[in-house]
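Have the sequence and the 3D view side by side. This walk goes from the fold of one chain to its contact with a partner, then to two points in the backbone.

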Amino acid sequence: MFEGVTMLTAALSMTALGAGLGAMLGIAARRFHVETPPIVDEIEQLMPGTNCGQCSFPGCRAAAEAVAGGNAPVTLCPPGGRDLALQLAEVTGAGDAIESELAGFEDAAPQVAFIFEDHCTGCTKCFKRCPTDAIVGAAKQVHTVVTDACIGCDACVQVCPTEAIILRGKPRTLANWYWGKPDLSHTATMLGRAT
Amino acid sequence: MQDFFAILLGTALVNNVVLVKFLGLCPFMGVSRKVDAAIGMGFATTFVLTLAAASGWAVERAILVPLDLEFLRILSFILVIAAIVQFTETVMRKISPQLYRALGIFLPLITTNCAVLGVALLNIQEGHGFAQSVLYGFGSALGFTLVLVIFAGLREQMAQLSVPPSFAGAPIAFIAAGLLSMGFMGFAGLVPN
């Protein structure tokens, strides 16, 4: 009997304390409401909200303010990834200007150049541009890429006259194998949600 | 008066929360990379700790002891301290945006961390009165701020040294923290208990 009373007072007093403090915070939030620019609120809504700090801002709110003020790129949020960057670009009106920035988001895995050898004319333009001497070949000879030396800088892709070079993920070998990232778009389609 | 001075000195130096009691190590390691951030964090913690010591005392005397509910101390302390910090943040944001910008971002980070809760609980354990509790909280927070700023200064200097690769980053910081802690042991006996 006595224990039952203690339990009841404990439950009641903690409930009362919680409700009282909750009411206090609720009133304070109304009473001391500070108008913030709606765009910051909108951006904050889009962000993951985990305050992980990977963007180097203290929390998503600060990051949202920086994005709204144009002090940070829309691609600042690693957990949000490409999808968030696209949404932020839409909200802030950065538009097409960010397409090139987004290139780095497409695949987090390191990218290397790959030459389609049947398109290569052996013009040597790419191998002159390569900063790491990762392209081997000679004039009128088919070039090829040394994947271990390639840093995926995109310079050769720009100059190739026959568009024979693309950047793609490193060929997987036992030495560089890793787990793939979970494919969210695939899961979404499985759940019947169109993305 | 002399008693109060002894408490202040005793909590800030002799029984330093971070280096002697090993409380609040997460901000000590996490926010000590730059002196500026360390100062901000230190002031915010001073504020929260003092407030927590006062509210902890009030909750203990007004709710827990009369209702015979001492076993709910941790739960109710966390609840009350977190709510008060949140409340202060809201009010501060409205009343003083400058202060909010300086301290506000740190406040949610320290809502009841181990140092804050630990000092509030120690106050009860040692049976301090209200003024003593507040002073104990304030002194502990001063010690925390002092150590945090010293350590941030050390780490800023260390960033420029060539540390062997296996020690670079966190390991050398831990070693430095250990040495600093041993240094603070030298204060033992400064204030008679």
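The paragraphs below take the chain, the interface and two loop residues in turn.

Start with the status of the coordinates: this is a predicted model. Chain A holds eight helices and four strands. Trace chain A from the N terminus and the order reads α-α-α-α-α-β-α-β-β-α-β-α. Five helices thus come before any strand in the pattern. The chain ends on a helix.

How is chain A packed? Of its 195 residues, 28% are buried. Take the contacts in chain A with a separation of 6 or more: residues 24 or more positions apart make 50% of them. The surface can be described too. Chain A exposes about 12900 Å², and carbon and sulfur atoms supply 58% of that area.

Now turn to the partner. Chain A and chain B meet through 18 residues from chain A and 18 residues from chain B. The area buried between the two chains is about 1600 Å². Carbon and sulfur atoms give 87% of this buried area. Which element of chain A gives the most to the side that touches chain B? Helix α1, spanning residues 2–31, does, with 12 residues. Sorted by class, the chain A side has 11 nonpolar, six polar and one charged residues.

What of specific polar links across the interface? The count of salt bridges between chain A and chain B is zero. One residue pair is in polar contact between the chains, with both residues at pLDDT 80 or more.

Finally, look at the backbone. Most residues other than glycine have a negative phi. Two residues of chain A merit a look on this point. Lys140(A) has a positive phi, near 65°. Where does Lys140(A) lie? Find it in the loop between β2 (135–136) and β3 (144–145) of chain A. Lys140(A) counts as exposed because its relative accessibility is 72%, and the cut-off for exposed is over 50%.

Glu163(A) is the other case. Its phi is positive as well, at about 50°, and it is not a glycine. Glu163(A) sits in the loop between α7 (155–159) and β4 (165–169) of chain A. Is Glu163(A) buried or exposed? With a relative accessible area of 68%, Glu163(A) is exposed.

Go back to the view with both residues in mind. Lys140(A) is in the β2–β3 loop, and Glu163(A) is in the α7–β4 loop.

Note on methods: Residues are numbered from 1 along each chain as its sequence is written. Chains are lettered from A and ligands numbered from 1 in the order in which they are written. This is a predicted model: local features need pLDDT of at least 70, side-chain atom pairs count only at pLDDT 80 or more; totals for chains, interfaces and linings use all residues. Side-chain values use heavy atoms; hydrogens and water are left out. Contact means heavy atoms within 4.5 Å. Buried area is the accessible area (1.4 Å probe) that two parts lose on being put together, summed over both. A salt bridge is a side-chain nitrogen of Lys or Arg within 4 Å of a carboxyl oxygen of Asp or Glu. A polar contact is a pair of N or O atoms within 3.5 Å; within protein, one must be able to donate a hydrogen and the other to accept it, and residues adjacent in sequence count only if both atoms are side-chain atoms. Helices (H or I, at least four residues) and strands (E, at least two) are DSSP runs, numbered from the N terminus. Ala, Val, Leu, Ile, Met, Phe, Trp, Tyr, Cys and Pro count as nonpolar, Asp, Glu, Lys and Arg as charged, and the others, Gly among them, as polar. Buried means under 20% relative accessible area, exposed over 50%, partly exposed in between (1.4 Å probe, protein chains only). Accessible areas come from the Shrake-Rupley method with a 1.4 Å probe; for residues, only the protein chains shown count as cover.
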